[in-house]
Amino acid sequence: AVDWRVLAVAAAFFAAAAFLSRKASLGSLAAALSGFAAAAYFALPLPRLLLTAFAMLLVVFRHRENILRLLRGTEPDFTLGAAKRGQTDKNRG
């Protein structure tokens, strides 16, 4: 993180978006976008702002397939590891 405040904002947006949508990719995109917005809001020095902008663009670029699945409504929900294992165990019995 380029600044603790930016990290706090991005983490909060990730948690809220991922929890509400059950999509980890949407949480990542929300964190990237809000992180850049927070960096601009807190008037970080230009090199840090540029680094945050680059990170945001990289996240969006790397999530382009996820974005298409989100738009189509085919992006899978995430489940926590223990919940997923428990669900698998129920299906076996």
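**Entry 1: salt bridges**

I started at R5, which comes out partly exposed at 28% relative accessibility. A reminder to myself that this is a predicted model. I then checked what the R5 side chain meets, and found D3 in a salt bridge with R5, at 2.9 Å from N to O. D3 is buried, with a relative accessible area of 13%.

How many salt bridges does the count come to? I get three. One of the others joins the side chains of E75 and R69, with 2.7 Å from N to O. I looked up the exposure of both partners: E75 is buried at 9%, while R69 is partly exposed at 27%.

Next I noted the salt bridge between D77 and K23, where N and O sit 2.3 Å apart. Which parts of the chain does the pair tie together? D77 is in the loop between α4 and α5 (81-92), and K23 is in the loop between α1 and α2, so the bridge links parts that are 54 residues apart in sequence. D77 is partly exposed, with a relative accessible area of 48%.

**Entry 2: K23 and its loop**

I stayed with K23, in the loop between α1 (4-21) and α2 (24-41). Is K23 buried or exposed? I have K23 as buried, because its relative accessible area of 17% falls under the 20% cut-off. Then I listed what K23 touches, leaving aside neighbours within four places in sequence: A18, L70, E75, P76, D77 and F78. I recognise two names there from the salt bridges, E75 and D77.

R22 is in that loop between α1 and α2 too. I wrote down its phi, about 65°, which is positive although R22 is not a glycine. I flagged this because most residues other than glycine have a negative phi. R22 counts as partly exposed, at 33% relative accessibility.

**Entry 3: the chain as a whole**

I stepped back to look at the overall layout. The protein chain has five helices and zero strands, and from the N terminus on I read the elements as α-α-α-α-α. Of the 93 residues, 26% are buried. I also looked at contacts between residues at least 6 apart in sequence, and 63% of them join residues at least 24 apart. For the accessible surface I noted about 6600 Å², with 68% of it belonging to carbon and sulfur atoms.

**Entry 4: helix α2**

I wanted to know whether α2 has the length or the shortfall its residue count would suggest. At 1.5 Å a residue, the 18 residues should span 26 Å, and I find the end C-alpha atoms 25 Å apart, which agrees.

Which residues of α2 are buried? I listed S25, G27, L29, A30, A31, A32, S34, G35, A38 and A39. Their cover includes α1, α3 and α4 (64-72).

I picked S34 in α2 for a closer look. S34 is buried, with a relative accessible area of 8%. Its side chain reaches the backbone oxygen of A30 at 2.8 Å. A general point I jotted beside this: an α-helix has 3.6 residues a turn, so residues three or four places apart point the same way. Beyond four places in sequence, S34 is in contact with V9, A10 and F13.

Just after α2 I came to A43, with a positive phi of about 50°. A43 lies in the loop between α2 and α3, and it is not a glycine. I have A43 as exposed, because its relative accessibility is 59% and the cut-off is over 50%.

**Entry 5: H63 and the α3 patch**

Where is H63? I placed it in the loop between α3 and α4. H63 is buried, with a relative accessible area of 17%. I checked what H63 touches, not counting residues up to four places away in sequence, and got S25, S28 and L29. Two of these, S25 and L29, are on my list of buried α2 residues. I also took the C-alpha separation of H63 and L26, which is 9.1 Å for residues 37 apart along the chain.

Last, I looked at the surface for nonpolar side chains. L51, F54 and L58 form a nonpolar patch there, with about 320 Å² of accessible area together. I located L51 in helix α3, residues 46-62.

Terms used
Residues numbered from 1 in each chain as written. Predicted model: local features only at pLDDT ≥ 70, side-chain atom pairs only at ≥ 80, totals over all residues. Heavy atoms only, no water. Helix = DSSP H or I, 4+ residues; strand = E, 2+ residues; numbered from the N terminus. Buried < 20%, exposed > 50% of the residue type's maximum accessible area, 1.4 Å probe, protein only. Contact = heavy atoms within 4.5 Å. Patch = residues over 30% accessible without salt bridge, like charges linked within 9 Å, V, L, I, M, F, W, Y side chains within 5 Å. Areas by Shrake-Rupley, 256 points an atom, 1.4 Å probe, with all protein chains shown as cover. Salt bridge = Lys/Arg side-chain N within 4 Å of Asp/Glu carboxyl O. Polar contact = N/O pair within 3.5 Å; in protein donor to acceptor, adjacent residues only side chain to side chain. Expected span 1.5 Å × (residues − 1).
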